[in-house]
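Trainee: I would like to learn how to read a protein–DNA model. Could you take me through one, feature by feature?

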Amino acid sequence: MNIRLGNDFFCRDVLVVAPELIGKTLVRSIDGTIHKSIITEVEAYRGVEDLACHASKGRTKRTEVMFQQGGLVYVYLIYGMYWMLNFVTGDSGNPQAVLIRGINDCYGPGRITKRLSINGDFYGEDLVISSRLWVEDRNSSPVIQSDTRIGVEYAGEEWASKPWRFFTNDYLKK
DNA sequence: AGCAAGATCGGT
DNA sequence: CCGATCTTGCTG
């Protein structure tokens, strides 16, 4: 039985939500066709004090959605060509987000959005009620590993060394 | 108004 | 290793 994840799932601390997203089903509906994949790698970005998190720049037009309640989508363009897909977590006023880095048949945050046709138009999309993007539980319990986040050396040793990247190898093709 | 850097990727 | 490509936040 696949159940769509609701506010109760997303409105918790990002360090709780991020690892729990591993093994969940990412669902994208495009022109009536449902595309399902399994989330295999994510990264947590936590609060204004986390110098790797865009919210550390303050509440700006770009980071605004991260200050909202969990369950919303935060997307932004990087290097002029890649859209990064994030899920906002935590309560309103506590800026956090989870970057989706890998699904079972596609690795790389930029590649995932390209394949699923996700762009800036999804900024602020509500995963709880959206008819084109949401997440479902599939009752699986993959073995989860953690390591440092990728590409955040600019944040300095303290934040770049946090083991806030979560992933599993349970769905690798054989 | 101008500028440097970026939660990346694909090709040498 | 390097270039693509453009938004963003910071400086002035």
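Mentor: Let us go through the DNA contacts, then some loop residues. Keep in mind that this is a predicted model.

Trainee: Happy to start with the DNA. Which residues are closest to DNA strand B?

Mentor: Begin with the list of neighbours. DNA strand B is surrounded by 20 residues, and the closest are His54, Tyr82, Asn86, Arg111 and Tyr154. Of the atoms of DNA strand B that come within 4 Å of the protein, 54% belong to sugar and phosphate.

Trainee: What are the classes of the residues on the surface near DNA strand B?

Mentor: That surface has twelve nonpolar, six polar and two charged residues.

Trainee: Which polar atoms of the protein lie by the phosphate oxygens of DNA strand B?

Mentor: Here it helps to ask whether backbone or side chain is involved. For Gly110, a backbone N or O atom lies 2.9 Å from a phosphate oxygen of DNA strand B. For Arg101, an N or O atom in the side chain is 3.5 Å from a phosphate oxygen of this strand. A base is reached too: a base nitrogen of DNA strand B lies 3.3 Å from a backbone N or O atom of Ala52. As for the elements that give two or more residues to the surface near DNA strand B, they are β4 (73–78), β5, β6 (96–103) and α3.

Trainee: And which residues are around DNA strand C?

Mentor: Read this strand the way we read the other. Around DNA strand C are Thr60, Arg62, Leu77, Tyr79, Gly80 and Met81. Sugar and phosphate make up 62% of the atoms of DNA strand C that come within 4 Å of the protein. By class, three nonpolar, two polar and one charged residues form the surface near DNA strand C. Look at Thr60 in particular: one of its polar side-chain atoms is 2.6 Å from a phosphate oxygen of DNA strand C.

Trainee: Tyr79 is in that list. Where does Tyr79 lie, and what is its phi?

Mentor: For a residue like this, check its element, its backbone angle and its accessibility. Tyr79 lies in the loop between β4 and β5. Its phi is near 55 degrees, a positive value in a residue other than glycine.

Trainee: Is Tyr79 buried or exposed?

Mentor: Tyr79 counts as exposed because its relative accessibility is 69%, above the 50% cut-off. Together with Met81 and Tyr82, Tyr79 makes a nonpolar surface patch of about 420 Å². Tyr82 itself lies in strand β5 (residues 82–88) and is partly exposed, with a relative accessible area of 40%.

Trainee: Which residue in the loop between α3 and β8 has a positive phi?

Mentor: Ser117 is one to look at. Its phi is positive, about 55 degrees, although Ser117 is not a glycine. This residue is found in the loop between α3 and β8, and Ser117 is partly exposed at 40% relative accessible area.

Trainee: What about Ser130: buried or exposed?

Mentor: Compare the value with the cut-off. Ser130 has a relative accessible area of 5%, so it is buried; the limit for that class is under 20%. Ser130 is found in the loop between α3 (109–115) and β8 (133–137).

Trainee: What are the polar partners of the Ser130 side chain?

Mentor: Look at both side-chain and backbone atoms. The Ser130 side chain makes a polar contact with the side chain of Glu125 at 2.5 Å. A polar atom of the Ser130 side chain also lies 3.2 Å from the backbone nitrogen of Leu133.

Methods. Residues numbered from 1 in each chain as written. Chains lettered and ligands numbered in written order. Predicted model: local features only at pLDDT ≥ 70, side-chain atom pairs only at ≥ 80, totals over all residues. Heavy atoms only, no water. Patch = residues over 30% accessible without salt bridge, like charges linked within 9 Å, V, L, I, M, F, W, Y side chains within 5 Å. Areas by Shrake-Rupley, 256 points an atom, 1.4 Å probe, with all protein chains shown as cover. Salt bridge = Lys/Arg side-chain N within 4 Å of Asp/Glu carboxyl O. Helix = DSSP H or I, 4+ residues; strand = E, 2+ residues; numbered from the N terminus. Buried < 20%, exposed > 50% of the residue type's maximum accessible area, 1.4 Å probe, protein only. Near = heavy atom within 4 Å. Polar contact = N/O pair within 3.5 Å; in protein donor to acceptor, adjacent residues only side chain to side chain. Nonpolar A, V, L, I, M, F, W, Y, C, P; charged D, E, K, R; others polar.
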